[in-house]
Amino acid sequence: MWSFFSRDPAKDFAFDIGEPVKGLENRSFWRLHKGRRKGTTQDVSVFVCDAKDSSAQLELAKTAVKRLKTLRHPGVVTYIDSTETDKLVYLATEPVTPLEEWLENCSVTAKQRDLAISWGLLQITKALSFLINDGKLQHNNICMSSVFVDAAGEWKLGGLEYVSSEGAGSAPPQKAFPQLQVYDPPEWSDPSKQRLTTAWSNDTWGLGCLMFEVFNGQLMKKTALKSTAKLPQSLTPLYTDLVSGNPAGRPNPAEVVERGRKPGGFFHNNLIQSLLFVEEIQIKDAAEKSRFFSQLPGMLDQFPPDLAKNKILPQLITAFEFGGSGSGSTILAPMFKLGGLLSEEEYQRRMVPCLVKLFSSPDRATRVKLLQQLETFVDHLQPATVNDQIFSHVVTGFLDTSPALREHTVRASLLLAPKLNYNNLNVELLKYFARLQAKDDQGGIRTNTTVCMGKIAQYLHPSVRQKVLISAFLRATKDPFPPARVSGVLGLAATQQYYSLSDVASRVLPSLCPLTLDPDKEVRQHCFRTVRGFLGKLEKVSEDPSLREELEADINSQTPSAANSGSGWAGWAMGALTTVYKTTTQRAKAKPGTTENQESAGSSAAVGSANSAEPAKNKDAQSRQTPATQSFGGGAEDTPPADTGGAADGWDDDDDWGALEDTTPTLAPAPAPSAAPPTPSDGWDSAGWGGDEFSAVPTTADTKSAAEIRWADAGDDPFAAVPTKRLNQPKPAAPTSDVSAAWSADSADISAAAAGGGGGGWDDDWGDMGGGTGGTGGSAQDKKQAMQERRQQRQKELEAKRAAKKGPMKLGAKKL
């Protein structure tokens, strides 16, 4: 029992004391150590004071702990715990670093350092104002050794050993170290000036000494205070008033803050303006928030990183979580930029929960902005998070009525594909791709869907890949939009390593040959190159049959191929598509009779109305087509010709396209030919996205134009290199579920076309595309004639209906 009462209380201290921290030597009786709470990872700072030197110092330490317990202010060091005995005092606070040590090791630019100092001095001045004006206390020890910096880079006031009550009438406190006497104001040694002192004159003198030390180093003698050469010009007037020899002329700390915050003052800059704004962000209106968030990304590079990620970022996350869609999508850009400053552990803890919530946002502008920024944070998303919490929200964008949202959802699929599990990638995602490629009314979206199929081919399961890829790309070659046909041809070439030679000979080449007579010159050029590549591959095997196993080695490979990523498909294919689009747009805008129009023998009219499946040589069809010059990311290039009565050449009429389940919601129908694109009712146009939100494929610096692609170049030609080493890879297990439902109808059609040379449904939908292979049941000319007659009949019926509806409505008449 006696051992219980004699136990040392210091052993019950809840924190482990670590290595010491420099910065307080010969200016404080505290010894500062790093610390950590026992059994946790919580970091703290531990101040230690023992009675080895003086018992008086121990009493001052105990007094300082009592003061710190009762003072709670953002500018004062935060108290956590303490332990006192007859021989020592342990004080645990938030992790801090002495100001002198922080200034020596601060690794930021000169501009960032000046901004950090201005914010730090403002915090100390505010804390001093709180202490004097609200707490009716005097600090009596304002100097560099009493200021500390926390992990966020904010300055905190400490050193409360000599705090006294205002108006106590006691003599000035005696400092424990002679080095601290240099900070004593001159009136302490001049009795004639003591009657002029105020409640703040002692501490404002110390504030001036602190400003001097921040820019000049430790103050060694009072006469050095006369030098203002190194002080900022905007701070000099305040500084000279603070170190005035007349105590009555020194301003109150509250006045110092007010004067410094005026335009041109030392406390008036972008960092302080931004930090004060985010502190009061909950009371700001929507216009002020939108203006602030739009300007913030351009200023973040000037801010100290610690303050930006620990002070601004938490406020932005809080503002979005509690402000909802009222904060607008403009808050996302600074959030993602600041997120790049976080470590991986901090990102998972602070940013990922917010990102999951963002993906479920109903605001369309926010979702588009989130998909646009996906590349900046996708590496931080764990596969489990993507599959369980994000993917289900992303795929809703495939069925959205906004073409911009569908477009960005397709692009985002490329970034998410490596993280998707088998079912989400090989079943769910491909179903949506099948629907977009077959039924979407925007040619650019159909084009980019095909491009994305080629890029994610390396991640698909081999058995799914063999069933889907050829069907998808051959479907694209029947699209009325020329860039979509180009994407189908280039997709076949870029993924040639995944096709068996039998499929190449029986399915691919027979379907590509009709495109050699395509109305669009670019389609023909790429088709000839691709056909030559496939023929060269077959010729090599014909000369050396032993190469067949090596050439088909990648068919069952589940390892992403470097040749199918980066500069392969992403480089030359996208560059070629952009070139194709620019060329077709220029042709559509060119005047009739020019050399450019004559070059393609009437193909410019077919390009101008991209949805027309009739050959350009049909003059009657040309006269009814309306040229469209919108970008192929969406819009007018897919407007149905007038003679179809709003039908997109049977695009939505064929049951073989897009074999999704019946429960899948249908997209909104295409707008009428003369109608402008619908304007969303949720402020979409005012969100600041610009007019190019429907652009299909961006032009990158490392892309190559169509004219620069050479099949003989191993860097660009996927057919050029023949493996010299046999790759023996185990054949993967067959999938447990049927993943080709969305493509089965097309596979059957293509197989039938390859076997019998007939259309199998493709020619019935898109026409002969400038050169069909013939078919069972009639010649190509007969099919064209029959299709033209059916269209004319439909047009007459629609005109009759429209004529019946014309004329003014009488009041009370019943509308039929």
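Is C209 buried or exposed? I looked this up at the start, and C209 is buried, with a relative accessible area of 0%, where buried means under 20% relative accessible area, exposed over 50% and partly exposed in between, computed with a 1.4 Å probe on protein chains only.

**Ground rules.** I am working with a predicted model, in which local features need pLDDT of at least 70 and side-chain atom pairs count only at pLDDT 80 or more, while totals for chains, interfaces and linings use all residues. Residues are numbered from 1 along each chain as its sequence is written, and side-chain values use heavy atoms, with hydrogens and water left out.

**Cysteines.** I next asked how many disulfides there are, taking a disulfide as a pair of cysteine sulfur atoms within 2.5 Å, and the count came to zero. C143 is in no disulfide, and the nearest cysteine sulfur to its own, that of C209, is 8.6 Å away. From the side of C209 I find that the closest cysteine sulfur is the one in C143, and at 8.6 Å this is too far for a bond. C143 also counts as buried, at 1% relative accessibility.

**The whole chain.** I noted 30 helices and ten strands, which are DSSP runs numbered from the N terminus, helices being H or I over at least four residues and strands E over at least two. Of the 816 residues in the chain, 52% are buried. I then looked at contacts, meaning heavy atoms within 4.5 Å, and among those with a separation of 6 or more, 71% join residues 24 or more positions apart.

**Nonpolar cores.** A nonpolar core is a set of buried Ala, Val, Leu, Ile, Met, Phe, Trp, Tyr and Cys residues joined through side-chain atoms within 4.5 Å. The largest has 159 residues, and W30, L99, L121, W155 and L210 touch the most other members. Helix α4 gives the most to this core, with eleven residues. I followed L99 and, not counting residues up to four places away in sequence, found that L99 touches M144, V147, F148, V149, W155, L210 and V214. Another core, of eight residues, lies apart from the largest one and includes V46, V48, Y90 and A92.

**Strand β5.** I picked T93, which lies in strand β5 and is buried, with a relative accessible area of 0%. Leaving aside residues up to four places away in sequence, T93 touches V44, S45, F47, L68, V77, T78 and I80.

**Cavities.** On a 1 Å grid over the protein atoms alone, a cavity is a set of points where a 1.4 Å probe fits but cannot get out, and its lining residues have an atom within 4 Å of a point. I found ten cavities of 30 Å³ or more in the whole structure, and the largest holds about 230 Å³ of space. Its lining has 23 residues, with W30, G158, G159, L160 and E161 nearest the centre. The elements that give two or more residues to this lining are α2 (55-70) and β5 (88-93).

**Positive phi.** Which residues that are not glycine have a positive phi? One of them is K136, at about 55°, in the loop between α4 (110-134) and β7 (137-138), and K136 counts as partly exposed at 48% relative accessibility. I also noted N140, at about 65°, in the loop between β7 and β8 (147-150), and N140 is buried at 7%.

Conventions:
1 Å grid on protein atoms, 1.4 Å probe; cavity = no way out; pocket = protein on both sides within 12 Å on 5 of 7 lines; lining within 4 Å. Points joined across faces, edges and corners; volume = space filled by probe spheres on them.
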